[in-house]
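Q: I'm new to this one. Can you put it up so we can go through it?
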Amino acid sequence: MKTLKTLILLLPLCIFLYACNQDTSNSENSQLSNGPNQSESQIAWKASSDLVRKITLSDSLVIRNQNWGTDINLINDQLELAESQPDTGKSYSLYFDDTDLNFVDITYRPNNKGQLSEIEMNVFFDDSQKVIELMQNFKSYFDVKFGASVEKGEKLIWLKDKKTHVELEDASRSKDAGFIILLKAKP
């Protein structure tokens, strides 16, 4: 009789524990089967070079954890403000070493409503081979995040993403090696 009472008292606990285990299994399975584009993009970002990850900051949102339409006054990148600021928007600098030769200027520009509509990144290195290598790393990552690129003149362009137009262009000069990444919100 005592054993029967114990079993009756333990039965709800066993059912509860079994249900909790099933919910955890189902949750893990659904996380594994999330849309392929997001997970492929995250995998590509994690597999990209340290510099790509440092410049982009994360695979979240458009780039650097920013989203189109954000009030430009609310953007507060954790980098130092660039020496020169645009007429509208904000510009920040990320230095890769202490030479002042290897850096990226990241400029956030608003539309006429004061909302983020364009991000421009000017990347410079004292080594032209580093520029070529980093441009290829960005191409590989962007091909996954924004769809396959197309060549248009001297630029690589990504048009398949419904919200973002992306351009990558070599901006190297005889003494300065660098490239420009331009991301624009599509209307």
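Q: Is Tyr95 buried, partly exposed or exposed?
A: Tyr95 counts as partly exposed, at 27% relative accessibility. Buried means under 20% relative accessible area, exposed over 50%, and partly exposed in between, with a 1.4 Å probe and protein chains only.
Q: What should I know about the model and numbering?
A: The model is predicted, so local features need pLDDT of at least 70 and side-chain atom pairs count only at pLDDT 80 or more, while totals for chains, interfaces and linings use all residues. Residues are numbered from 1 along each chain as its sequence is written, and side-chain values use heavy atoms, leaving out hydrogens and water.
Q: What's the average pLDDT of the protein chain?
A: The average is 84, and 80% of the residues score at least 70. pLDDT is the predictor's confidence in each residue, from 0 to 100.
Q: Where does pLDDT stay under 50?
A: Over residues 10-36, where the model has zero contacts (heavy atoms within 4.5 Å) beyond four places in sequence.
Q: New topic: how many aromatic pairs are there?
A: Nine. Rings of Phe, Tyr and Trp (its six-membered ring) pair if their centres lie within 6.5 Å; planes under 30 degrees apart count as stacked, over 60 as edge-to-face and the rest as tilted. One of the pairs is Tyr92 with Tyr108, edge-to-face at 6.0 Å centre to centre and 70° between the planes.
Q: Are Tyr92 and Tyr108 buried or exposed?
A: Tyr92 is buried at 4% relative accessible area, and Tyr108 is buried at 0%.
Q: Which residues do ring pairs link into a cluster?
A: Phe138, Tyr141, Phe142, Phe146, Trp158 and Phe179.
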